[in-house]
Amino acid sequence: MYPEDPAPPAGKTTLVPVLVCGALSVVLMRVGFFSFFFLVPLGVCAVVYGHVAAWLGFVCAALGNAVWSLGFSLRHGMGLAGAGMNMLYFSIISLGFIWIMAGSPAPSIIPPVRTFVRFIAASIAGALVFLGMVFSLSGDEGFYALIHSQIEAFFSSHIAASGVDAARQAFLERLLTPDKIIEAFIMIILRGGALVSAFFLLFINRQAAFAFARLFLRQGIKGINTGNDLIGFYAPRKAIWVLSLCLPVILLCRAIALETVEIAAWNLLVICVIMFLAQGGGIVLFNFTRRFRSVIIRLFCSLLLIGVVFSPGLNALAVVVLILLGIAESWLPLRVKKQEGGVQ
């Protein structure tokens with residue numbers, strides 16, 4: 001599904017909401033747990049007021065974040081490097097998110113791109129920025145020493161409070177050293193961890209934006225689209241073979257110590273898994289919308305989805321089930337029979 005924008009262009013009546021949404025995005029970026037949802041105001045702006053207001057809101061948010069970051073850095077004498085990284089991260093993630101929500105700023109010049117392709121491209125860009133930040137900070141001896149001491153203090157206190165015997169406590173202290181934890185973290189983020197984090201950040205903010213927009217629009221969402229394009233998403237037919245090929249390539253590259261190709265194969269595997277996760281989610285949403293047409297129930301389902309994502313254990317189980325469901329549809333037409341019966 002491609003973005004639609006029947007809403008009128010942004011004018012004086014939409015300027016105030018655009019400025020408010022941009023300011024809220026900048027503030028949420030710095031409010032603890034709620035910083036995870038800093039993209040939601042921009043998403044609501046896109047859904048309610050259309051793509052012109054969405055891109056204007058992005059510009060306002062990016063400029064506001066730049067002023068805040070520079071002012072904070074100069075006031076506290078932190079230098080411009082940290083402010084620059086914050087500005088880069090905020091701008092790239094916000095740019096990718098607005099592209100997902102509103103499409104191209106100039107549809108007549110730049111051809112439209114499928115929503116999922118925009119998701120993957122924005123996730124890759126966000127992952128690259130995150131990796132750049134991690135490796136640039138890892139070269140800072142002061143920052144590295146701070147992280148090293150924080151990790152050591154955290155695991156030492158938790159191991160001491162766990163109540164294990166002295167021998168096992170000593171074993172855990174040797175196993176969970178700060179250097180090994182940092183090494184494991186870098187290994188994970190290089191092999192798809194950064195890509196997955198960026199994808200879920202964009203996806204959850206998008207779903208939350210649609211959920212909040214439904215609270216304010218009595219006649220349904222009419223700014224860009226309904227947010228139900230996942231229902232009709234199908235992974236490319238060859239994705240299952242790419243997924244199957246990535247596994248032996250990873251094992252072979254690991255055996256012969258070809259790390260660069262292994263990292264590339266891991267990230268390609270993650271992209272395929274995300275495709276089947278989206279396909280599994282589309283199957284579930286298809287059945288929900290077929291049985292429940294009430295806006296209230298759909299809003300509840302969106303909030304339930306966000307709650308499941310943040311529930312430890314339950315989120316992992318739900319993700320595995322959706323991936324398997326998506327893979328199963330490569331051979332079983334789980335939505336075709338229902339569509340032939342007249343349900344769209």
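# Helix packing and ring pairs: worked exercises

Of the 344 residues in this protein, 38% count as buried (under 20% relative accessible area, where over 50% is exposed and anything in between is partly exposed, with a 1.4 Å probe and protein chains only). The model is predicted, so local features need pLDDT of at least 70 and side-chain atom pairs count only at pLDDT 80 or more, while totals for chains, interfaces and linings use all residues. Residues are numbered from 1 along each chain as its sequence is written, and side-chain values use heavy atoms, with hydrogens and water left out.

## Exercise 1: The overall make-up

Task: state how many helices and strands the protein has, and what share of its contacts with a separation of 6 or more joins residues 24 or more positions apart.

Solution. Start with the elements, which are DSSP runs numbered from the N terminus (helices are H or I with at least four residues, strands are E with at least two). The protein has 13 helices and zero strands. Next, take contact to mean heavy atoms within 4.5 Å. Residues 24 or more positions apart then account for 78% of the contacts with a separation of 6 or more.

## Exercise 2: α9 against α10

Task: classify the packing of α9 and α10 by angle, and give the handedness of their crossing.

Solution. Two packed helices are described by the angle between their axes and the distance between the axes. Axes here are lines fitted to C-alpha atoms, for helices over the stretch in contact, and angles run from 0 to 180 degrees between N-to-C directions.

Step one: the axes of α9 and α10 come within 9 Å and cross at roughly 150°. Step two: that makes α9 roughly antiparallel to α10 (angles over 145 degrees count as roughly antiparallel, under 35 as roughly parallel, 65 to 115 as roughly perpendicular and the rest as oblique). Step three: the crossing is left-handed (the near helix is turned anticlockwise from the far one by less than a right angle; clockwise would be right-handed).

Now look at the side chains. Residues making the contact include L243, L247 and I250 of α9 and L268, L269 and V273 of α10. By class, the contact of α9 with α10 has 18 nonpolar, no polar and two charged residues (Ala, Val, Leu, Ile, Met, Phe, Trp, Tyr, Cys and Pro are nonpolar, Asp, Glu, Lys and Arg charged, and the others, Gly among them, polar).

Finally, visit the connection. A257 sits in the loop between α9 and α10. Most residues other than glycine have a negative phi. The phi of A257, however, is positive, near 60°. A257 is exposed, at 66% relative accessible area.

## Exercise 3: Two further partners of α10

Task: find how α10 is oriented relative to α12 and to α5.

Solution. Take α12 (residues 314-328) to begin with: its axis is 7 Å from that of α10, at an angle of about 90°. α10 and α12 are therefore roughly perpendicular to each other. The contact includes F276, G280 and I283 of α10 and L322, L325 and G326 of α12. Its residues divide into ten nonpolar, four polar and no charged.

L325 of α12 is partly exposed, with a relative accessible area of 27%. Beyond its neighbours within four places in sequence, L325 is in contact with G280, I283, V284 and L334.

Turn to α5 (residues 115-138), whose axis comes within 12 Å of that of α10 (residues 259-291), with a crossing of roughly 140°. That makes α5 oblique to α10. The crossing of α5 and α10 is right-handed. Here F116, I120 and I124 of α5 meet I271, I274, M275 and A278 of α10. The contact of α5 with α10 has seven nonpolar, no polar and no charged residues.

## Exercise 4: The ring pairs

Task: which geometry does the F116 and F233 pair have, and which cluster is built from ring pairs?

Solution. Rings of Phe, Tyr and Trp (its six-membered ring) pair if their centres lie within 6.5 Å; planes under 30 degrees apart are stacked, over 60 edge-to-face and the rest tilted. The count comes to eleven aromatic pairs. The ring centres of F116 and F233 are 4.5 Å apart with planes at 35°, so the pair is tilted. F116 belongs to α5 and F233 to the loop between α8 (178-216) and α9 (239-255), so the pair ties together parts 117 residues apart in sequence. F116 is buried at 11% relative accessible area, and F233 is buried at 5%.

F199 and F200 form an edge-to-face pair, 5.8 Å centre to centre with 90° between the planes. F199 is buried at 6%, whereas F200 is partly exposed at 22%. To finish, ring pairs link F116, F119, F199, F200, F203 and F233 into a cluster.
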